[in-house]
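Colleague: Could you take me through one part of this model in some detail? I would like to look closely at the sheet and the turns that link its strands.

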Amino acid sequence: METYVGDDEWYTEYIKVEGKRIIIKINDIVVVDYTEPENPKRDPEERQHRVLKGGTFALQGHDPKSIVYYKDIMVKPLP
């Protein structure tokens with residue numbers, strides 16, 4: 001597993017979701033470039049059967065006992 005930033009260190013994260021494509025950059029390094037396939041295989045019995053569509057997003061969706069600080073958050077809906 002690669003480490004792009006150390007603990008207790010500020011960094012810039014850029015996330016763009018456009019259609020079925022997701023690009024994530026950490027300090028301007030592309031760490032994810034994913035395009036959901038036309039018919040993604042999902043196990044209907046598990047929560048992982050979700051597909052990309054409109055909705056909400058979470059800044060931290062795991063480890064509720066950890067402490068995370070955020071600053072200068074910007075969100076822009078794409079056309």
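Modeller: Happy to, and the hairpin of β1 and β2 is a good place to begin: two residues lie between these strands, and Gly 19 in the turn has a positive phi of about 65°. Please keep in mind that this is a predicted model, in which local features need pLDDT of at least 70, side-chain atom pairs count only at pLDDT 80 or more, and totals for chains, interfaces and linings use all residues. Residues are numbered from 1 along each chain as its sequence is written, and side-chain values use heavy atoms, with hydrogens and water left out.

The strands named here are DSSP runs of E with at least two residues, numbered from the N terminus. Two of them count as paired if DSSP finds at least two bridges between them. Strands of a sheet pair through backbone hydrogen bonds, either parallel or antiparallel. Here β1 (residues 13-18) and β2 (residues 21-26) run antiparallel and share six bridges. Within that pairing, Val 17 has Ile 22 of β2 as its bridge partner, and Ile 15 stands opposite Ile 24 in β2.

Following the chain onward, β2 also pairs with β3 in the antiparallel sense, over six bridges. Lys 25 stands opposite Val 30 in β3. The hairpin of β2 and β3 has two residues between the strands, and Asn 27 takes a positive phi near 50° there.

Put together, the three strands make an open sheet in the order β1-β2-β3, with antiparallel pairing. β1 and β3 are the edge strands, as each pairs on one side only. Neighbouring strands of this sheet are turned by 10° against each other on average, direction ignored; the axes behind that value are lines fitted to C-alpha atoms, for helices over the stretch in contact, and angles run from 0 to 180 degrees between N-to-C directions.

Lys 25 has one further contact to look at: this residue lies over the face of Tyr 14, at 5.1 Å from the ring centre. A charge counts as sitting over a ring if NZ of Lys or CZ of Arg is within 6 Å of the ring centre and within 35 degrees of the ring normal. Lys 71 likewise lies over the face of Trp 10, at 4.9 Å from the ring centre.

Terms used:
Helix = DSSP H or I, 4+ residues; strand = E, 2+ residues; numbered from the N terminus.
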